[in-house]
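Visitor: I am new to this structure and should like a close look at a single part of it. Please take one place in the interior and explain, step by step, what surrounds it.

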Amino acid sequence: MSWSSANNTLTVGFTHIHTFDSAPSAKDLFVGRIGFVNPGGPTMNTAQQQVFLEYFTSTVVTENNTYVVTIKDQTKWLEYTTEAAVEQAQAKWLKAVDQYRENNKGALNSEAQEHALIKLFGDVVNIYKAPRNHTGHEFQPLTLDSSGKPIAAPCD
Ligand SMILES: [Zn+2]
């Protein structure tokens, strides 16, 4: 997540691995803030910021799924560029995860976490999910059905 002045290119991707059943965390949605703000380093000009917001992706590879996060609403995403805002988002998310597990006994961690992500941040980011054990490995947008259960299905 940085500009290379030598190549005049911007790296706007972030990838990491969870080795257990899980979804991205709330922090993973906003991890790009570090590259965007670039504390202590050079700041991007407006055009560079625009490219960043347009193309930023956060990829999280978990035990069973791969998730790709992109920015849906730039104005809303920019509200999460401070550490305090991200810590608050994380705390809110953990609470919503607990609540879902309380109401849905036996639900997988990943299901509870996906639910909380979409419920709280579904208007801020797009979250795409692909199962790792399927040959197609096709990414589908994550949404909630009418009962609040997270589903990865093609757009209508
Ligand atoms: Zn993570």
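Guide: In this predicted model, L29 touches P24, S58, V69, L117, F121 and V125, leaving aside residues up to four places away in sequence. L29 also belongs to the largest nonpolar core, a group of 27 residues, in which L29, L117, V125 and I127 touch the most other members. Several elements give two or more residues to this core, namely α1 (26-29), β5 (65-71), α5 (83-103), α6 (109-121) and β6 (125-131). Of these, α6 supplies the largest share, five residues.

The helix α6 therefore merits attention by its length and its setting: with 13 residues at 1.5 Å a residue, α6 should span 18 Å, and its end C-alpha atoms are indeed 18 Å apart. The buried residues of α6 are S110, A112, Q113, E114, H115, A116, L117, I118 and F121. Two of these names, L117 and F121, have already appeared among the contacts of L29. The buried residues of α6 pack against α1, β5, α5, β6, β7 and β8. In its position, α6 lies across β5, β6, β7 and β8, and runs at about 80° to β7.

The strands beneath this description form an open sheet of six, in the order β3-β4-β5-β6-β7-β8, with mixed pairing. At the edges stand β3 (13-17) and β8 (150-152), each with a single partner strand, so one side of each has no neighbour in the sheet. On average, neighbouring strands of this sheet are turned by 25° against each other, direction ignored.

Within the sheet, the pairings may be followed strand by strand. The strands β4 (57-61) and β5 pair in the antiparallel sense over five bridges, and T59 stands opposite V68 in β5. On to the next pair, β5 and β6 run antiparallel and are joined by seven bridges; here T70 has N126 in β6 as its bridge partner. The strands β6 and β7 (residues 140-144) also run antiparallel, joined by two bridges, and K129 has Q140 in β7 as its bridge partner. In general, strands of a sheet pair through backbone hydrogen bonds, either parallel or antiparallel.

The loop between β4 and β5 holds a further residue of interest, T62. With 20 C-beta neighbours inside 10 Å, T62 counts as buried, because 20 or more such neighbours is the cut-off for that class. T62 touches H18, D21, S22 and S110, again leaving aside residues up to four places away in sequence. Of these, S110 is one of the buried residues of α6. H18 lies 44 residues from T62 along the chain, yet the C-alpha atoms of the two are separated by 4.6 Å.

Finally, these parts may be placed in the whole chain. The secondary structure comes to six helices and eight strands, and from the N terminus on the elements run β-β-β-α-α-α-β-β-α-α-α-β-β-β. Of the 156 residues, 27% count as buried. Among contacts between residues at least 6 apart in sequence, 65% join residues at least 24 apart. The pair T62 and H18, at 44 residues apart, illustrates a separation of this kind.

Notes
Residues are numbered from 1 along each chain as its sequence is written. This is a predicted model: local features need pLDDT of at least 70, side-chain atom pairs count only at pLDDT 80 or more; totals for chains, interfaces and linings use all residues. A nonpolar core is a set of buried Ala, Val, Leu, Ile, Met, Phe, Trp, Tyr and Cys residues joined through C-beta atoms within 7 Å. A residue is buried if 20 or more other C-beta atoms lie within 10 Å of its own, exposed if 12 or fewer, and partly exposed in between; C-beta atoms are placed from the backbone. Helices (H or I, at least four residues) and strands (E, at least two) are DSSP runs, numbered from the N terminus. Two residues are in contact if their C-beta atoms, placed from the backbone, lie within 7 Å. Two strands pair if DSSP finds at least two bridges between them. Axes are lines fitted to C-alpha atoms, for helices over the stretch in contact, and angles run from 0 to 180 degrees between N-to-C directions. The expected span of a helix is 1.5 Å times one less than its number of residues.
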